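Reader: Hi! I'm a first-year student and still learning to read structures like this one. Could you pick a single part and walk me through it closely?

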Amino acid sequence: MELNIHIPDNTAALFDCLQKGQFISSNSCNEAVRDMYDQIDDHFEALSVYFAQIGYTLERGNEYFYFSRVEPRTTLEQKIMRAYYWIDVLDLFKTYDETFGAGFRFQPEQILVEANINVMLQNKLDGLRKHFSDKDVRKDVLDNLIRQLTKESFLELESEKTNTYKVMSSWHYLERLIESIQIYDDTETEDNEKSE
């Protein structure tokens with residue numbers, strides 16, 4: 001099959017970043033990432049066709065791009081545990097500041113200080129320990145969480161000097177994921193069956 005499309009010269013770099021499971025966000029602190037975002041945005045249709053030919057689906061989110069993939073069948077329990085994790089993560093940050101989202105800037109130290117005076121935040125941070133079984137100290141749990149979120153391109157270190165992180169546009173992906181969870185009330189179904 002011959003493709004007659006124009007793809008950007010840096011398609012290999014785009015592929016290399018996306019195939020690692022990373023997001024390319026428009027609000028990145030890194031100019032190279034912002035340039036990649038612009039390249040994908042300008043050539044989205046052509047890149048979608050090109051990547052589809054090699055088995056990848058290029059997805060467009062709210063100011064971010066990523067590859068989706070057909071995952072091997074995983075157990076329902078694994079999916080539920082992963083959903084619990086993301087719920088706990090979003091809950092922690094929304095408890096810290098309800099405006100926490102794409103573009104938000106913070107310093108981990110601020111979260112730890114707030115956790116010392118806010119019992120609810122303290123409990124949510126302590127609750128994340130179960131996801132990092134080898135960590136007992138809140139600072140270590142938070143550091144691991146931020147390291148993981150940075151690696152997965154949901155956060156970026158904006159300033160090493162002040163240890164300030166910026167929330168990437170890809171955060172919308174997590175919010176959308178959590179919003180898509182539908183919980184059915186079995187008792188409601190049972191009540192309807194009994195009344196019939």
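Author: Happy to! Let's start at one pair of residues: Phe 106 stands opposite Tyr 165 in strand E6. Keep in mind that this is a predicted model.

Now for the strands around that pair. E4 and E6 (residues 164–167) pair in the antiparallel sense, over two bridges. Helix H7 (residues 138–151) packs on the sheet and touches E4, E5 and E6. The direction of H7 makes about 100 degrees with that of E5. Stepping back, the sheet is an open one of three strands, in the order E4-E6-E5, with antiparallel pairing. At its edges are E4 (105–106) and E5 (155–159), each of which pairs on one side only. As a general point, the strands of a sheet pair through backbone hydrogen bonds, either parallel or antiparallel.

Next, follow Phe 106 inward. The largest nonpolar core has 31 residues, and Phe 106 is among those with the most contacts inside it, along with Val 89, Phe 93, Leu 145, Leu 149 and Trp 171. Elements that give two or more residues to this core include E3, H7, E6 and helix H8 (171–179). The largest share, seven residues, comes from H4.

Phe 93 is a good residue to click on here. Leaving aside residues up to four places away in sequence, Phe 93 touches Phe 100, Phe 106, Ile 111, Leu 145, Leu 149 and Trp 171. Apart from this core lies another, of 14 residues, among them Leu 18, Ile 40, Leu 58 and Phe 67.

Technical notes. Residues are numbered from 1 along each chain as its sequence is written. This is a predicted model: local features need pLDDT of at least 70, side-chain atom pairs count only at pLDDT 80 or more; totals for chains, interfaces and linings use all residues. Side-chain values use heavy atoms; hydrogens and water are left out. Two strands pair if DSSP finds at least two bridges between them. Helices (H or I, at least four residues) and strands (E, at least two) are DSSP runs, numbered from the N terminus. Contact means heavy atoms within 4.5 Å. Axes are lines fitted to C-alpha atoms, for helices over the stretch in contact, and angles run from 0 to 180 degrees between N-to-C directions. A nonpolar core is a set of buried Ala, Val, Leu, Ile, Met, Phe, Trp, Tyr and Cys residues joined through side-chain atoms within 4.5 Å. Buried means under 20% relative accessible area, exposed over 50%, partly exposed in between (1.4 Å probe, protein chains only).
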